[in-house]
Amino acid sequence: MLLIVEDEAVSRRALSQILRLHGHQTQVAGSGEEAIALLRDGDVPEAAIVDIDLPGMSGVEFVRHLTRDHPDVRCVFMTANDEVNLDHLRFTSRQSALRKPFDIDHLLQLIDDFEQRAPAPIHN
């Protein structure tokens with residue numbers, strides 16, 4: 001299952017529908033806090049696709065929370081903010097970053113790579 005954390009409802013629905021059309025199960029949340037509540041319900045995703053500019057808890061804060069409790073979950077950060085340095089969003093080998101709008105094929109390739117690789121070691 002893929003967790004999509006995106007505050008814009010249209011983008012969240014569209015991304016979920018596209019990923020489902022490509023054979024992925026998805027779960028969606030409109031905020032980091034909502035995503036944490038989903039995790040408390042026991043649904044741990046294989047990967048999370050997370051907007052960094054979320055209301056309340058930022059996407060970076062959410063991913064820190066997620067990977068603290070579930071270190072094998074891989075994450076893709078996404079942002080439309082041109083001022084964000086994407087290289088600074090890759091804290092571990094389990095994380096990638098994309099600038100919106102992004103090519104859906106690139107996202108699908110990242111997800112396929114996640115699914116085909118064994119969990120990578122964390123490098124601090």
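This report describes the elements of a predicted protein model, the confidence in them, and the packing of two helices.

Residues are numbered from 1 along each chain as its sequence is written. Because the model is predicted, local features need pLDDT of at least 70 and side-chain atom pairs count only at pLDDT 80 or more, while totals for chains, interfaces and linings use all residues, and side-chain values use heavy atoms, with hydrogens and water left out.

The mean pLDDT (the predictor's confidence in each residue, from 0 to 100) is 85 for the protein, and 85% of its residues reach 70 or more. Over residues 118–124 the pLDDT is below 50, and beyond near neighbours in sequence this stretch has 13 contacts in the model, a contact being heavy atoms within 4.5 Å.

The protein has 4 helices and 5 strands, which are DSSP runs numbered from the N terminus (helices H or I, at least four residues; strands E, at least two). Along the sequence they follow the pattern β-α-β-α-β-α-β-β-α. Two strands mark the ends of the confidence range among the elements.

| Strand | Residues | Mean pLDDT among the elements |
|---|---|---|
| β1 | residues 2–5 | 97, the highest |
| β5 | residues 95–99 | 83, the lowest |

Of the 124 residues, 46% are buried, where buried means under 20% relative accessible area, exposed over 50%, and partly exposed in between (1.4 Å probe, protein chains only). Among contacts between residues at least 6 apart in sequence, 58% join residues at least 24 apart.

Helix α4 (residues 104–116) has 13 residues, which at 1.5 Å a residue should span 18 Å, and its end C-alpha atoms are indeed 18 Å apart; the expected span is 1.5 Å times one less than the number of residues. Its buried residues are L107, L108, L110, I111 and F114. They cover an arc of only 155° around the axis, which puts them on the same side of α4, the arc being that of the directions from the helix axis to the C-beta atoms. On the other side of α4, D105 and Q116 are exposed. The cover over the buried residues of α4 includes β1, α1 (9–21), β3 (47–51), β4 (74–79) and β5.

Helix α3 (residues 59–69) has the buried residues G59, V60, F62, V63, H65 and L66, and these pack against β1, α2 (32–40), β3, β4 and β5. Within this helix, V60 counts as buried because its relative accessibility is 15%. V60 and F77 are 17 residues apart in sequence, and their C-alpha atoms are 8.1 Å apart in space.
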